[in-house]
Amino acid sequence: QNRNSMASIDGGTVSIGVDKKKVDWILKRIGGKTSDYANAIPSHDVKLASYKIDKYEVNNDQYRKFVKAKKRKPPKHWRGGDFPIDIENYPVVNVSYADASAYCKWKGKRLPSEAQWEHAARGNMGHIFPWGKKFREGRANFRDSKYRHPTETGRYEKGAAKFSDCFE
């Protein structure tokens with residue numbers, strides 16, 4: 001897997017957010033509270049230009065290179081300025097918006113907008129889940145899955161959003 005791969009996402013009018021009825025349906029299947037979705041209700045349409053987004057999360061090893069190159073503070077849970085052994089390919093966590101933005105700028109990129117991120121996560125069809133309309137075990141790491149912590153980036157390839165003819 002090329003950790004620097006980007007997906008090209010077609011623009012257009014896309015639906016983001018979720019209707020109250022769908023929130024109730026999601027809660028029955030994967031848990032959580034209605035308040036978790038307060039900022040996502042109601043669904044609405046937005047216009048987006050075409051854009052690119054990283055296919056994989058930024059992992060600890062990638063972020064460590066940024067921290068060293070730019071002499072930034074590492075995430076607070078990194079002991080002695082480095083992440084714990086054997087999690088170099090896990091997504092970096094506990095990073096502020098400002099640090100995430102600085103990382104993107106260092107890479108010659110920028111953070112996606114909320115609408116871009118949601119559209120990329122849901123695919124062209126605007127499904128509730130990236131892979132479609134039905135929840136499927138083994139396609140994502142969520143609060144009730146067997147892992148109680150982040151897992152390696154790229155572990156859930158089957159859960160990736162589906163786009164027609166837009167990946168590089």
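1. A contact here means heavy atoms within 4.5 Å; on that basis, among the contacts in the protein chain between residues at least 6 apart in sequence, 73% join residues at least 24 apart. The model is a predicted one, and the points below should be read with that in mind.

2. The protein chain has four helices and four strands, and, read from the N terminus, its elements follow the order β-β-α-β-β-α-α-α. Of its 168 residues, 34% count as buried, while the chain exposes about 11000 Å², of which carbon and sulfur atoms supply 51%.

3. Helix 1, which spans residues 20-30, has Val23, Ile26, Leu27 and Ile30 as buried residues. These four lie on the same side of helix 1, because the arc they cover around the axis is only 100°. Lys21 and Lys28, by contrast, are exposed on the other side of helix 1, and Gly31, just after the helix, takes a positive phi of about 85°.

4. The buried residues of helix 1, Val23, Ile26, Leu27 and Ile30, recur in the largest nonpolar core, which has 10 residues and also includes Val18, Tyr37, Phe129, Trp131, Phe135 and Phe142. Apart from this core lies another, of nine residues, with Ala7, Ile16, Leu48 and Ala115 among them.

5. Within the largest core, Phe142 may be worth viewing in the structure: leaving aside residues up to four places away in sequence, Phe142 touches Ile30, Phe135, Glu137 and Tyr147. Of these, Ile30 and Phe135 are listed with Phe142 in the largest nonpolar core, and Ile30 is one of the buried residues of helix 1.

Terms used:
Residues are numbered from 1 along each chain as its sequence is written. This is a predicted model: local features need pLDDT of at least 70, side-chain atom pairs count only at pLDDT 80 or more; totals for chains, interfaces and linings use all residues. Side-chain values use heavy atoms; hydrogens and water are left out. Buried means under 20% relative accessible area, exposed over 50%, partly exposed in between (1.4 Å probe, protein chains only). Helices (H or I, at least four residues) and strands (E, at least two) are DSSP runs, numbered from the N terminus. The arc is that of the directions from the helix axis to the C-beta atoms. A nonpolar core is a set of buried Ala, Val, Leu, Ile, Met, Phe, Trp, Tyr and Cys residues joined through side-chain atoms within 4.5 Å. Accessible areas come from the Shrake-Rupley method with a 1.4 Å probe; for residues, only the protein chains shown count as cover.
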